[in-house]
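Visitor: I would like a close look at one part of this model. Please take chain B and walk me through it.

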Amino acid sequence: MSSTLQELQDLIHEKFGIDKADLGPNASMREKGFDSLSLVECLFAIEDKYAISMRDEDSNIDTLGELAAVVDKLRAQPAA
Amino acid sequence: VNGAAVLGGTGLAVAVTGLGVVGPHGNDPQAMFAALMRGESAVRSVFPELAKPAAAATAAAFDALRWFTKLQLAGVDRVSQLAVAAAELALLDAVGAVGASPGGDGTGAAGTDSTAVTIPTATRLADPERIGVYVGCGMGGAGALDLAYRGGPRVPPLTIPAFMPNAPASHVAMRQRVHGPVLTYSVACASSSLAIAEAAKAVQRGEVDLAIAGGSEALIVPGVVLAWQAMMTLATFDAGAEARAMRPFAADRSGFALGEGAAFLVLESAERAGARGARAYAHLAGWGSSSDATHLTKPDAAGQARALRAALRSAGLRPQDVGYCNAHGTATRIGDVVERDALAAVWGDALDTLRVSSTKSMHGHLLGAAGALEALITVLALHHRRLPPNAHCSAPDPACALNLVLEPEAAAPAAFEAAISSSFAFGGTNSVLLFRRP
């Protein structure tokens with residue numbers, strides 16, 4: 001399990017109260033109760049945590065695994 | 001005599017079958033009433049960082065996580081949280097299940113696990129399409145706006161749905177799966193009094209079988225407190241004397257303290273309540289609404305008198321039939337005298353038979369939720385035949401000559417059958433609710 005995934009699980013647990021065990025890399029965030037608006041709140045929090053800027057289409061992501069991959073990719077890029 | 005005033009109805013009796021509150025004196029209506037009867041003030045010092053000292057009565061004991069998961073709280077301002085909780089408590093009371101879990105498994109405290117809700121409490125009482133939600137709210141989600149301005153570099157994406165003033169009504173409707181009318185009344189300090197009157201009309205006309213009616217307000221945030229301070233309407237006080245800051249009808253009054261909370265009544269026809277064996281705390285027997293049409297913020301005795309007369313007329317009662325008035329009583333220099341003059345104009349020689357108190361002295365001014373909280377207190381006064389005091393009034397102002405309830409633990413006179421609750425708003429809209437013992 002990547003450290004980013006664990007960090008995202010920690011952040012989501014802290015902010016939204018969802019158990020880490022309940023939110024594996026392939027679980028659907030929408031099925032766990034996120035809607036488009038609360039997901040945007042979540043993305044804002046992730047952006048703030050890593051000082052990154054995600055693309056609008058990233059708000060269509062539904063699993064934490066995909067989200068962690070996007071975060072890792074953005075952090076690997078030099079700041080624009 | 002006053003054709004311009006809006007009359008209430010005289011048809012079907014409307015029963016109050018459920019009471020719910022989340023406010024400065026906690027979330028149990030009976031415990032709150034007992035505290036008020038003892039004369040206990042919930043006004044405390046707030047925001048010590050402000051240049052000018054501030055005092056308010058907050059719903060400090062409210063625990064949002066008893067009612068919402070953290071995920072559910074995304075974009076839900078405190079004003080909506082309080083409304084959802086108070087409405088649920090009123091409905092549980094109407095079901096006869098306070099202390100039971102929502103969803104009806106009969107264990108644990110109300111709302112302990114909000115994720116376990118399967119059957120909304122309201123739908124245990126009526127068809128979802130035959131239920132209405134009528135909510136008064138003056139300002140909406142003040143906390144969400146304050147956070148947007150001052151919270152940090154980025155505005156939270158859910159600020160708009162959090163602060164819109166009709167959000168509390170919508171959150172109540174979603175929690176209770178209400179499919180009938182879901183309406184919000186924003187009429188400053190008369191908001192929730194009018195919401196209750198409009199709900200009663202809908203019940204009386206048969207538009208709904210069950211009405212969830214009340215109000216919510218949560219504006220104890222620094223920006224709003226500063227705005228009220230700027231208007232010079234808030235009480236001044238010495239350090240340590242916050243609890244006594246608000247002294248309605250007293251010679252030494254200096255304005256009000258803000259309050260926070262939500263209160264809801266469940267209304268249904270007396271016939272329906274009787275058929276399902278529900279307890280009726282009181283009947284909402286009349287209501288009167290009027291406009292001053294004189295000044296946005298300066299109260300007008302003639303306008304208030306029109307609403308008082310309309311309420312009496314719609315209930316078919318004379319002034320001397322009413323034993324208690326839960327006054328608007330905001331403890332401003334001008335307002336209290338105007339309210340006294342309005343009562344004197346309508347009650348005339350019978351003024352001394354009317355006991356009067358402003359319980360705002362203890363729970364502060366809940367603005368959009370004030371009418372609902374004070375209606376609930378008025379209903380409990382009738383139910384228990386006891387009159388809550390007009391606290392902190394050691395020397396009544398001679399210009400406010402009324403038969404004030406100055407002592408704690410006051411019993412009502414033996415013939416106590418009817419009571420009114422007055423709400424007079426900025427904007428000049430006046431609302432009076434008249435309750436009778438069932």
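Which residue of E8(B) does Ala57(B) stand opposite?

Guide: Ala57(B) faces Gly259(B) in E8(B). Bear in mind that this is a predicted model. The pair sits where strand E4 of chain B, residues 54–57, meets E8(B). Two bridges join these strands, and they run parallel. The wider setting is an open sheet of three strands in chain B, ordered E3-E4-E8. Its pairing is mixed. Strand E3 (44–46) and strand E8 (258–259) of chain B are the edges. Each has a single partner strand, so one side of each lacks a neighbour in the sheet.

Next, two buried residues. Asp336(B) belongs to helix H10 of chain B, which spans residues 333–347. Its relative accessibility is 0%, so Asp336(B) counts as buried; the cut-off is under 20%. The side chain of Asp336(B) comes to 2.7 Å from the backbone nitrogen of Phe249(B). Leaving aside residues up to four places away in sequence, Asp336(B) touches Pro248(B), Phe249(B) and Arg253(B). Gly329(B), Thr330(B), Ala331(B) and Cys400(B) are also on that contact list.

Cys393(B) lies in a loop of chain B, between strand E13 (386–387) and strand E14 (403–404). At 8% relative accessibility, Cys393(B) counts as buried. With residues up to four places away in sequence again left out, Cys393(B) touches Pro248(B), Phe249(B), Ala250(B), Leu404(B) and Leu406(B). Pro248(B) and Phe249(B) are thus in contact with both Asp336(B) and Cys393(B). For a sense of span, take Cys393(B) and Arg150(B), 243 residues apart along the chain. Their C-alpha atoms are separated by 39 Å.

Now the interface. Nine residues of chain B contact 16 residues of chain A. The area buried between the two chains is about 970 Å². Carbon and sulfur atoms give 65% of that area. On the chain B side, Lys70(B), Leu71(B) and Arg154(B) lose the most area to chain A. Together they account for 60% of what that side buries.

Arg154(B) also takes part in a salt bridge. Its side chain meets that of Glu47(A), at 2.8 Å from N to O. Across this interface, two salt bridges are found. Five residue pairs are in polar contact between chain B and chain A, both residues at pLDDT 80 or more. By class, the side of chain B touching chain A has six nonpolar, one polar and two charged residues.

Notes:
Residues are numbered from 1 along each chain as its sequence is written. Chains are lettered from A and ligands numbered from 1 in the order in which they are written. This is a predicted model: local features need pLDDT of at least 70, side-chain atom pairs count only at pLDDT 80 or more; totals for chains, interfaces and linings use all residues. Side-chain values use heavy atoms; hydrogens and water are left out. Two strands pair if DSSP finds at least two bridges between them. Helices (H or I, at least four residues) and strands (E, at least two) are DSSP runs, numbered from the N terminus. Contact means heavy atoms within 4.5 Å. Buried area is the accessible area (1.4 Å probe) that two parts lose on being put together, summed over both. A salt bridge is a side-chain nitrogen of Lys or Arg within 4 Å of a carboxyl oxygen of Asp or Glu. A polar contact is a pair of N or O atoms within 3.5 Å; within protein, one must be able to donate a hydrogen and the other to accept it, and residues adjacent in sequence count only if both atoms are side-chain atoms. Ala, Val, Leu, Ile, Met, Phe, Trp, Tyr, Cys and Pro count as nonpolar, Asp, Glu, Lys and Arg as charged, and the others, Gly among them, as polar. Buried means under 20% relative accessible area, exposed over 50%, partly exposed in between (1.4 Å probe, protein chains only).
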